[in-house]
Amino acid sequence: MLENSDSPALFGAIEAGGTKFNLALGTGPRDIRANFRIPTTTPQETLAAAIDWFQQAQAEHGPIRAIGVGTFGPAGVHPSAPDYGYITTTPKAGWAQTDLLGALRAAFDVPMGFDTDVTAAALGEWKWGAGQGCDSLVYITVGTGIGGGAIVNGRPLHGLLHPEMGHLRLPLPADGFAGICPWHGGCLEGLASGPALAARWGTPAETLPVGHPAWEAEAGHLAAACLNILLTLSPEKIILGGGVLQNDHLLPLVRQHLAALLNGYLVHPSLTDGLARFLVEPGLGTQSGIAGALALASAAHGS
Ligand code: ADP
Ligand code: ZN
């Protein structure tokens, strides 16, 4: 198909996960022209398959004007650093020091944006989802792992490296569960990820019934993390996503625990109504990550 010069620019998006790569071609999350999933095997095989798919997709739908990548990390996110575009120190076998962006640049001569999966998701939610109109927000995913990304003044927050909110130190539970993070034991991820729930309660997180004490404990951990993030960054919203939040009963419980921890200390209209406007679900459902990769492409394109 020939490109119409009036039509909006087409972008390629990659949500690079530890188990699968989600690929999309589109102009935004509500205009995805094609998508595809690849299992994450070796970097060589996975990236070759992604490049192949984008080449076929642009032959069919028109030229890709920019590419955005949101990746599992840790990752090099500073454009001026030698490891920019790399997955850096991951424990995932075969993937440490992978030049992800370099492989794409060798195949496509277009502007590219690159960030962590959670920072991309935060950007996607800011541009098209629950964070529209905000100057600042934090997006946290609670799934196989836990990660957080922040948008501050409408831009992804980086620092020395990039935020690693999934490894915040939290009070340990009284029942003796010490957490499962290989680095820190009872950090946020070690206490509250899906695998941590399964390890602590002896059953997969999705099988824990409503009313099980696991959910009060889980809400307590997530609220403690949200409290620290709120007090540190003062975001306008915290968005909680990921597989564990598929349990609809959890978010209201986290709000209750966070309100109790705040104990009336912060006063702002957004913190009334039981925190229903402050602590929210993703506006894009499970599409925040791929939308974020499109947003990174759009930013790289200058649109
Ligand atoms: P990933 O983090 O691997 O990208 P997800 O965000 O889907 O994937 O998270 C997967 C985790 O979410 C698993 O640990 C799973 O047990 C948990 N999970 C999935 N669905 C539910 C549910 N309905 N309730 C609680 N936990 C769930
Ligand atoms: Zn940790």
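1. Domains. The domain assignment splits this protein in two: domain 1 covers 10–117 + 286–301, and domain 2 covers 130–281. These bounds come from an automatic or database domain assignment. Between the centres of domain 1 and domain 2, taken over C-alpha atoms, lie 27 Å. The contact draws nine residues from domain 1 and 10 residues from domain 2; contact means heavy atoms within 4.5 Å.

2. Basis of the values. This is a predicted model, in which local features need pLDDT of at least 70 and side-chain atom pairs count only at pLDDT 80 or more, while totals for chains, interfaces and linings use all residues. Residues are numbered from 1 along each chain as its sequence is written, chains are lettered from A and ligands numbered from 1 in the order in which they are written, and side-chain values use heavy atoms, with hydrogens and water left out.

3. Domain interface, area. Domain 1 and domain 2 bury about 670 Å² between them. Carbon and sulfur atoms give 56% of that area. Buried area here is the accessible area (1.4 Å probe) that two parts lose on being put together, summed over both. On the domain 1 side, V77, H78 and D115 supply 46% of what that domain buries against domain 2. No other three residues supply more.

4. Domain interface, chemistry. The rule finds zero salt bridges across the interface of domain 1 and domain 2. A salt bridge is a side-chain nitrogen of Lys or Arg within 4 Å of a carboxyl oxygen of Asp or Glu. Three residue pairs are in polar contact across the interface, both residues at pLDDT 80 or more. By class, the side of domain 1 that touches domain 2 has four nonpolar, four polar and one charged residues. The classes are as follows: Ala, Val, Leu, Ile, Met, Phe, Trp, Tyr, Cys and Pro count as nonpolar, Asp, Glu, Lys and Arg as charged, and the others, Gly among them, as polar. A polar contact is a pair of N or O atoms within 3.5 Å; within protein, one must be able to donate a hydrogen and the other to accept it, and residues adjacent in sequence count only if both atoms are side-chain atoms.

5. Helix α1. This helix spans residues 43–61 and holds T46. Helices (H or I, at least four residues) and strands (E, at least two) are DSSP runs, numbered from the N terminus. T46 counts as buried because its relative accessibility is 0%; buried means under 20% relative accessible area, exposed over 50%, partly exposed in between (1.4 Å probe, protein chains only). Leaving aside neighbours within four places in sequence, T46 is in contact with F21, I38, P39, T40, T41 and W95. P43 also lies in helix α1. P43 is buried too, at 9% relative accessibility. Beyond four places in sequence, P43 touches A48, G94, W95 and T98. From P43 to T272 the C-alpha separation is 47 Å, across 229 residues of chain.

6. Salt bridges. The count by this rule is three. In one of these, the side chains of D31 and R33 meet at 2.8 Å, N to O. D31 is partly exposed at 24% relative accessibility, and R33 is partly exposed at 37%. R200 and D175 meet at 3.1 Å, N to O. That pair links distant parts of the chain, 25 residues apart: R200 sits in helix α5 (residues 194–201), D175 in the loop between β10 (155–156) and α4 (188–192). R200 is buried at 17% relative accessibility, whereas D175 is partly exposed at 47%. D273 pairs with R277, their closest N and O atoms being 3.2 Å apart. D273 is exposed, with a relative accessible area of 55%; R277 is partly exposed at 38%.

7. K237. Is this lysine buried or exposed? K237 is buried, because its relative accessible area is 18%. K237 is found in strand β11 (residues 237–241). The side chain of K237 reaches the backbone oxygen of R277 at 3.2 Å. Not counting residues up to four places away in sequence, K237 touches A130, C134, S136, L137, V138, R277, F278 and V280. K237 and L271 are 34 residues apart in sequence and 9.6 Å apart in space, C-alpha to C-alpha.

8. Helix α8. S298 lies in this helix, residues 288–301. S298 counts as buried at 5% relative accessibility. Outside four places in sequence, S298 is in contact with F11, K127 and S303.
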